[in-house]
Amino acid sequence: MWRAYTLKEALRAIFAPGLTVDDVTILIDRFISKAARSRLQPLVRLGQTIRRHRDGILQAIRLGINQGRTEALNNKVRLITRRAYGFHSAKAALALVTLSCAPITLHPPHESHPQQA
């Protein structure tokens with residue numbers, strides 16, 4: 001149990017904010033090594049998977065890419081889908097998602113519209 005916990009914390013340290021790519025490279029290599037020696041089969045497989053995707057992980061950290069926006073949009077769509085539970089068709093739910101998530105600005109008929117140049 002302790003080995004699994006320390007490996008989990010070592011994996012979390014890889015994604016800590018403020019680390020340089022060189023620091024992350026060292027942490028990933030240490031994690032892969034420790035996971036391979038841990039004799040915990042799920043962690044051994046995880047280490048092998050990280051080894052295969054190591055270059056992609058380092059590139060994502062170098063470029064500052066993360067899944068934050070995608071996950072936020074996914075959560076918003078799920079919430080809208082739950083709200084649209086009583087709708088009779090998928091088209092209505094899709095329209096609500098499009099209305100809520102797309103860059104559309106609607107103006108009610110009683111409000112004055114801004115003049116377009």
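Visitor: In this predicted model, is T25 buried or exposed?
Guide: The relative accessible area of T25 is 18%. Buried means under 20%. By that cut-off T25 is therefore classed as buried.

Visitor: Which residues does T25 touch, leaving out those up to four places away in sequence?
Guide: T25 sits in helix 2. With residues up to four places away left out, the contacts of T25 are R54 and L58.

Visitor: How is helix 2 oriented relative to helix 4?
Guide: Helix 2, residues 21-37, packs on helix 4, residues 54-63, with the axes 10 Å apart and an angle of about 150 degrees. Angles over 145 degrees count as roughly antiparallel. Helix 2 and helix 4 are therefore roughly antiparallel.

Visitor: How many charged residues are in the contact of helix 2 with helix 4?
Guide: The two helices cross in a right-handed sense. Helix 2 brings V21, V24, T25, I28, D29 and I32 to the contact, and helix 4 brings R54, I57, L58, I61 and R62. Sorted by class, these residues include seven nonpolar and one polar, and the number of charged ones is three.

Visitor: Which element gives the most residues to the largest nonpolar core?
Guide: This core has ten residues, namely L7, I14, V24, I28, F31, I32, A35, L43, I50 and L58. At least two of them come from each of helix 1 (2-14), helix 2 and helix 3 (41-52). With five residues, the element that gives the most is helix 2.

Visitor: How many residues does the second core have?
Guide: This core is separate from the largest one. Among its members are A84, A93, L96 and V97. The number of residues in the second core is five.

Visitor: Which residues does V24 touch, not counting those up to four places away in sequence?
Guide: V24 is a member of the largest nonpolar core, and V24 also takes part in the contact of helix 2 with helix 4. Not counting residues up to four places away, V24 touches I14, L19, L58 and I61.

Visitor: Is L19 buried, exposed or partly exposed?
Guide: L19 lies in the loop between helix 1 and helix 2. Its relative accessible area is 30%. The range between 20% and 50% is the partly exposed class. Therefore L19 counts as partly exposed.

Visitor: What separates the C-alpha atoms of L19 and I61?
Guide: L19 touches A13, I14, V24 and L27 when residues up to four places away are not counted. Along the chain, L19 and I61 are 42 residues apart. In space, the separation of their C-alpha atoms is 9.1 Å.

Visitor: How is helix 1 oriented relative to helix 2?
Guide: The axes of helix 1 and helix 2 come within 9 Å, and the crossing angle is roughly 160 degrees. Because angles over 145 degrees fall in that class, helix 1 and helix 2 are roughly antiparallel.

Visitor: How many charged residues are in the contact of helix 1 with helix 2?
Guide: The crossing of helix 1 and helix 2 is left-handed. L7, A10, L11, A13 and I14 of helix 1 meet V24, L27, I28, F31, K34 and A35 of helix 2. The contact has ten nonpolar residues and no polar ones, and its number of charged residues is one.

Visitor: How do helix 5 and helix 6 lie to each other?
Guide: Helix 5, residues 68-83, and helix 6, residues 90-101, have axes 10 Å apart at an angle of about 135 degrees. The roughly perpendicular class runs from 65 to 115 degrees, and roughly antiparallel needs over 145. The angle falls in neither class, so the pair is oblique.

Visitor: How many polar residues are in the contact of helix 5 with helix 6?
Guide: Helix 5 passes helix 6 in a right-handed crossing. The residues that meet are L73, K76, V77, I80 and R83 from helix 5 and L96, V97, S100 and C101 from helix 6. Six of these are nonpolar and two are charged, and the number of polar ones is one.

Visitor: Is S38 buried or exposed?
Guide: S38 is in the loop between helix 2 and helix 3. S38 touches R3, L7, L43 and V44, residues up to four places away not being counted. Its relative accessibility is 3%, and so S38 counts as buried.

Visitor: What is the phi of R39?
Guide: R39 is in the loop between helix 2 and helix 3, and at 71% relative accessibility R39 counts as exposed. Most residues other than glycine have a negative phi. R39 is not a glycine, yet its phi is positive, at about 65 degrees.

Technical notes:
Residues are numbered from 1 along each chain as its sequence is written. This is a predicted model: local features need pLDDT of at least 70, side-chain atom pairs count only at pLDDT 80 or more; totals for chains, interfaces and linings use all residues. Side-chain values use heavy atoms; hydrogens and water are left out. Axes are lines fitted to C-alpha atoms, for helices over the stretch in contact, and angles run from 0 to 180 degrees between N-to-C directions. Helices (H or I, at least four residues) and strands (E, at least two) are DSSP runs, numbered from the N terminus. Angles under 35 degrees count as roughly parallel, over 145 as roughly antiparallel, 65 to 115 as roughly perpendicular and the rest as oblique. A crossing is left-handed if the near helix is turned anticlockwise from the far one by less than a right angle, and right-handed if clockwise. Contact means heavy atoms within 4.5 Å. Ala, Val, Leu, Ile, Met, Phe, Trp, Tyr, Cys and Pro count as nonpolar, Asp, Glu, Lys and Arg as charged, and the others, Gly among them, as polar. A nonpolar core is a set of buried Ala, Val, Leu, Ile, Met, Phe, Trp, Tyr and Cys residues joined through side-chain atoms within 4.5 Å. Buried means under 20% relative accessible area, exposed over 50%, partly exposed in between (1.4 Å probe, protein chains only).
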